[in-house]
Amino acid sequence: MRQPLIVDRSRDTHFMQLALEQAALGAALGEVPVGAVLVHGGDVVGQGFNCPISTHDPSAHAEMVAIRAAAQALDNYRLPGSTLYVTLEPCSMCAGLIVHARVQRVVYGASEPKAGVAHSRGEFFAQGFLNHRVLVEGGVLGEECGAALSAFFKARREAR
């Protein structure tokens with residue numbers, strides 16, 4: 001059964017801040033700084049950062065890592081009533097995972113004009129063929145999330 005959705009801006013900001021902390025952990029390892037936190041019942045049940053380089057796993061996006069951890073923590077591959085906070089708009093791979101995991105809501109920070117499918121490159125979650133509806137909101141701490149990515153790529157360019 002779907003739980004009622006209560007949107008709390010200060011709560012969204014708090015959890016996005018935790019996702020930014022995850023992104024910083026990834027950046028410190030040389031990974032693209034994207035972080036994610038999955039919340040269920042008010043508690044963080046999964047978190048992660050991008051780590052495809054260090055794990056040699058192209059699917060190790062922050063959302064994937066956080067959702068895998070949450071599924072293990074809750075002992076369930078379905079995560080109804082959960083909210084995923086991610087610092088960057090999800091790509092198509094992560095969007096498919098979000099639907100399959102039955103995440104109720106996605107809150108992202110920065111838009112991803114090249115590969116983001118929540119709003120930037122189409123509205124994946126609004127597609128009629130999907131068997132689960134996901135509520136999506138973008139722009140929460142968007143400037144901070146975008147600045148972390150910009151600083152990371154600027155430092156990489158300068159290092160070359």
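**Aromatic pairs and cysteines**

Biologist: Starting with Phe152: buried or exposed?

Modeller: Phe152 counts as buried, because its relative accessibility is 12% and the cut-off for buried is under 20%. Keep in mind that this is a predicted model.

Biologist: How many aromatic pairs are there in the whole structure?

Modeller: A search finds four. One of them joins Phe15 and Tyr85, a tilted pair with 5.4 Å between centres and 35° between planes.

Biologist: Which parts does that pair tie together?

Modeller: Phe15 is in helix H1, residues 9-28, and Tyr85 is in strand E3, residues 82-88, so the contact ties together parts 70 residues apart in sequence.

Biologist: Are those two rings buried or exposed?

Modeller: Buried: Phe15 has 6% relative accessibility, and Tyr85 has 1%.

Biologist: Back to Phe152. What does it pair with?

Modeller: Phe152 pairs with Phe153, edge-to-face, at 5.2 Å centre to centre and 80° between the planes. Phe153 is partly exposed, with a relative accessible area of 32%.

Biologist: Which rings form a cluster?

Modeller: Phe124, Phe125 and Phe129, linked by ring pairs.

Biologist: New topic. How many disulfides?

Modeller: Zero. Cys51 is in none, and the nearest cysteine sulfur, in Cys94, is 11 Å away. Cys51 is buried, at 12% relative accessible area.

Biologist: And why is there no bond between Cys91 and Cys94?

Modeller: Their sulfurs are 3.8 Å apart, which is too far for a bond, because a disulfide needs the sulfur atoms within 2.5 Å. Cys94 holds the cysteine sulfur closest to that of Cys91. Cys91 is buried too, with a relative accessible area of 17%.

Key
Residues are numbered from 1 along each chain as its sequence is written. This is a predicted model: local features need pLDDT of at least 70, side-chain atom pairs count only at pLDDT 80 or more; totals for chains, interfaces and linings use all residues. Side-chain values use heavy atoms; hydrogens and water are left out. Rings of Phe, Tyr and Trp (its six-membered ring) pair if their centres lie within 6.5 Å; planes under 30 degrees apart count as stacked, over 60 as edge-to-face and the rest as tilted. Helices (H or I, at least four residues) and strands (E, at least two) are DSSP runs, numbered from the N terminus. Buried means under 20% relative accessible area, exposed over 50%, partly exposed in between (1.4 Å probe, protein chains only).
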